[in-house]
Every structure is written in structure tokens, then in C-alpha cells.
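The following exercises concern the domains of a protein and the packing of its nonpolar residues. Please examine the sequence and the structure before turning to the solutions.

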Amino acid sequence: LKNSFKFSLIYTLILILQTLSISLASLPQDLFHLKIASKIRTDEQSLLSVSTDYGNLTTSIPDAVLYPSSPHDISSLIRFSYSSSNPFPIAPRGNGHSINGQASAQDGVVINMTSLGYGHSNRIIVSIVNQYVDVGGEKLWIDLLHETLKYGLTPSSWTDYLHLTVGGTLSVGGISGQTSRYGPQISNVLELDVITGQGEMITCSKDQNSDLFLAVLGGMGQFGIITRARISLSPAPQKVHWIRLVYTDVLTFTRDQERLISAENSEGSPLRLFNYVEGSFLVDRGLLGSWRSPEFFTDSDYDRMSQLVTEDGLGGVYYIEGAVYYTDEIAVQVNQELELLLGELSYVPDYAFIRNVSYVEFLDRVHDGELKLRELGEWEVPHPWLNLFVPKSRILDFDAGVIKGILSNRSAAGIILMYPMNRNMWDDRMSTMIPDEEIFYTFGLLRSSSREKLQVMIDENDKILQFCNLAGIKYKQYLPHYATTKGWMKHFGKKWNNFLAMKAKYDPELILSPGSTILSSYI
Ligand code: FAD
């Protein structure tokens, strides 16, 4: 209560300050005479509802919020800004699960994308014949899952957490344990409807307006707003063997992960059985029952793992997380293959944990943790997350310097994800930046913090980046955040000029998604 009072005071102060400066930076009054005027709100509640995000690290209050009921409303808003003498910034906001204010629009308008779906039942349309779904950019992946399952179909590529919007994850990439096998979510898109920074509504695909299609996928909302995505589907499994295999050394852990995702394993090989491969480093007992899947390990599993940690003086254990999909018809055969597969892997003997769950339970596994944290009031706290793609050739150096080095004091422990992906499942022409090696690892340091500990974690994140820079580890940030244009130029590397060219073509007035601050200090 004390905290919420403090925040409401801070918000009020910011509002007053912004109101004072509104005379300088307010929206053109003509905006409120457009047909969409009744869908634009400037009341405190609307403004505050989009002023921060999951990261809880930044606050940025826009001048207005648009609640569109159709893509045309969005187009009208952007056209108006584009043609005005003083264009104002506009940001689509999906579910606001960014970390660094990416969906904000200081002195501009935030579009509440969710409102596109209000009262419309036709925003998810499955084509059984063509095995794809047309889905509104504002829809949550969990809703998409439930709808496609009605037809026995499913997208193949997911994020760990499904309460994110289609437009939001396609703007970053969309990764999870399925990525090594099916590609990131952006590799599973067939077509998009996009509204550009000039307000034009354009349909694009690899064959039609392909430069826009490729730029928008992973494009952080810089080139256009996704109002519809066509995503490929395949037959849905019913059930999942959800597996965790414990390792005490990084070499065996990574070697087994790489065997499991190797493209060289032919379809018939038991090593090809996993439909999903992830991995984590568990720091200590307090974290074993982490929010990402609180029900997986039992108390006695924890005890046994704690024993391992203590015996080896490791400070933690690694585990591979795998999933094998199946239907009742092939259950027996899959069981046999799974047994064979486990026999080929080098986890600590007797440290294989298997649960059998439904497909939906598996995919929506993080949501349970969310509900628990919400109950405890621990969901809406600062989240100074750091996500990197690290080339395979340096993953052991990274492990030694970061996991066993910088993070070894455990003063600020949290979830540490570490799993490999195949570059050939990505299309390098899209905007998400990936390392220049056939296999690279994703490293996710997903931490929650109190306000008091926040700076420690932010400093640690900086130290990790400094370590990589000094060690010459050519990482790429996933969900990137840079404070300077120099940082962004380095991030995009040889694709920087293409980024500028696409921006000049599709958002020449720099209207869209200014929260990423890619160009604000450049022009
Ligand atoms: P927002 O935060 O609202 O917006 C994100 C960005 O996309 C902004 O720049 C915004 O302007 C832009 N944008 C939003 N909608 C559109 C649109 N329709 N068209 C164009 N641009 C748009 N990511 C993974 O890849 N894998 C994971 O497993 C994963 N797990 C996560 C778990 C949690 C708990 C959280 C908080 C995040 C996770 N993420 C994961 C990161 C997440 O995918 C991104 O932050 C994503 O952008 C959030 O989607 P959103 O709908 O909340 O978008």
C-alpha cells in the first residue's frame, strides 16, 4: 500500500510537470476534430494505463491514447500525424510486456492495440485447407492457441509465455525451445497487413512488398504496425512428455544440447525426438521452484538437487528442458524412442525428471507462475532483464566469465536461461539481429528486483556486456536496448544502412515506436 501510494504520488507529479509543458508539446487541436476523435482519450486513467511496462524501469506518459476499432482508425491517426506540420510520435502497444519503454510515445499517442479486437469475432480465422491462420496483431498467443486447437491445428513456434500479442512478439522475433527445430515465430509468418509511417495499409509477404515484410519482422515497430499476420499451422499433438535432465558441468550440458538440435540428426534418429530444447542454470535451492514453472519439481527433487549442488561445490546445476509431443495412437512407440534417447545422453544418472501433461498445459506453463506472483504482489516489480545471443564458439568462455564469474556472488540471482539455436532456421534478411555462427545460444537473465537492489542488477548487466566486449565475444542483444545511436549502429552492423533506408521509405517522419530510441539522437 505504501508503495502504491508512493507511485501514485510520483505519477501525479509527472502528470503535473507534463501538463505544464503541454502548451509546448501538445497534440494539434485538429486531431480532436477527426472522425476518430471519440476514440482518443486524454484522461488520467487512460494515460497512466500505458505509461510503464513489464520492465517497470521507465515512466513515459503520452499526450493521448487511441482505442481503435479498426485498422482504418490507426491509419487515420498516422496519416494525420504524417501530414501535419509538426508530426507527433505514435506507438502501438500490444500487451506492454517490453522492458525498456519500447511501446511508449512521449508527447505523442499510444495505440491500445487490444481495442482492435473488442466486439469483433473475426480477428482469428483458421483455414483448415491451407493450414494457416489469419490473426489480428493485437491478439494474445494464448487466444490463438485455443482457437486453432478447435480445428486440431497449432502454430509450431512459440514463446515461453503466451500472454503476449502476436504483433508484439513478431516485432522482436519470438523464441522458445521450439526455435531450434521450427525457427523463431518470425520464420513462421506467411503474410502481413501493415500500416506504415505514412498511414498506408499494405499487404506484404516474401513475394509481395518483400522489403517491408522482412523489415517489419523483428523490426521493433519501426516500419509499420502489424494489424494481421498469416501464420502457418500443423496438426496439433495432444500430449507432451516434459523432461528435465540435470548436469553438473557445462561441457556435457552444452554438448548434449547441441546433439539434440543438430540438423545432421536425420528424422529417424532418436536424437531428433525432442520438439523443444531449452536449458537453464539453477543457482541455488531458493530458486529451484522458480516462477516459470513452479509445479515441475517436487520437494524431494529439490532436496536431491541441493545435495548435488553442495557435494560438487558448484553453486548450481544445469538442466536441459525438453519436450516430446505425442498423440495417444503413437504413445507406446514414443515411449520406446524416449527411452533410447535418454540412454544416449550424459546427464547425471538418475537425474531425469519427466512429467506428462497436455499440450496446452505445457505451452501455457509460465502462466501459473504469473498468477502466483500476482497474488503475492510480486509481478509488478522492476525487471532489469538481459537477453543475449552468444555464438557457440564462445559459450564456454561466456559461462566461465558470466555464470561462474560475474553472477557467482548470487547477490542478485534469478532465472538464467541458456540454450542453443540453429542459424539456418532464421532468415537473416529480417530485422532481428543474430550472431554470425551456425549455432548460437540464447542467454536470458530474467530477474525481478526490489527498488533497492535494482542498481546492483543494472550494474551487473553492464558488467556482463563489458566482459563480452573485452573478451571479444560477438554477441547480439535480443530485445535490444541501447542508449546511444552508436550502440544501435554496432547492433545492426552492416545492416545499419538498410535499416536507415527502410526507415526513410516507410517511416520518413520518424513517427513510429519512438520508445526504442533508435533514431532520436541521430537526426
Ligand atoms: P509491447 O511490449 O506492447 O510492444 C513491444 C514492441 O512492439 C514495441 O516497440 C511496440 O511499439 C511494438 N508493437 C506492439 N504491437 C505491435 C504491432 N501490432 N505491430 C508493430 N509493432 C508492434 N520473448 C520471446 O521471444 N520469448 C519468450 O519466451 C518471452 N517470454 C517473455 C515472458 C515475459 C513474462 C515477458 C514480460 C516477456 C517475454 N518475452 C519473450 C519478450 C516479449 O516477446 C517482447 O517483449 C514482446 O515485444 C512483448 O509483446 P507485447 O505484446 O507485450 O508488446
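Three exercises with worked solutions follow, and they refer to a predicted model.

**Exercise 1.** Determine where the largest nonpolar core lies with respect to the domains.

*Solution.* Begin with the extent of the core: the largest one has 123 residues. Those with the most contacts inside it are Ile90, Val109, Val216, Ala323 and Val390. Next, consider the contributing elements: strand β14 (residues 317-326) gives the most to this core, namely eight residues. Finally, since domain 1 (1-236) and domain 2 (239-477) both give residues to the core, it lies between them.

To examine one of these residues in detail, take Val390. Not counting residues up to four places away in sequence, Val390 touches Ile395, Phe398, Phe440, Tyr441, Phe443, Ile473 and Tyr475.

**Exercise 2.** Describe the contact between domain 1 and domain 2, and the side that domain 1 contributes.

*Solution.* First, the domain assignment gives domain 1 as 1-236 and domain 2 as 239-477. Their contact takes 30 residues from domain 1 and 32 residues from domain 2. On the side of domain 1 that touches domain 2, the elements giving two or more residues are α4 (141-149), α6 (179-182) and α7 (210-216). Of these, α6 gives the most, with three residues. Classified by type, this side of domain 1 has 16 nonpolar, 12 polar and two charged residues.

**Exercise 3.** Characterise the region that the UniProt annotation names "FAD-binding PCMH-type".

*Solution.* The unreviewed UniProt entry places this domain annotation at residues 58-236. Over residues 58-236 the chain is 21% helix and 26% strand. The end C-alpha atoms of residues 58-236 are 40 Å apart.

Methods. Residues numbered from 1 in each chain as written. Predicted model: local features only at pLDDT ≥ 70, side-chain atom pairs only at ≥ 80, totals over all residues. Core = buried A, V, L, I, M, F, W, Y, C linked by C-beta atoms within 7 Å. Buried ≥ 20, exposed ≤ 12 C-beta atoms within 10 Å, placed from the backbone. Helix = DSSP H or I, 4+ residues; strand = E, 2+ residues; numbered from the N terminus. Domains from an automatic or database assignment. Contact = placed C-beta atoms within 7 Å. Nonpolar A, V, L, I, M, F, W, Y, C, P; charged D, E, K, R; others polar. UniProt positions renumbered as here; feature names shortened; annotations may be inferred.
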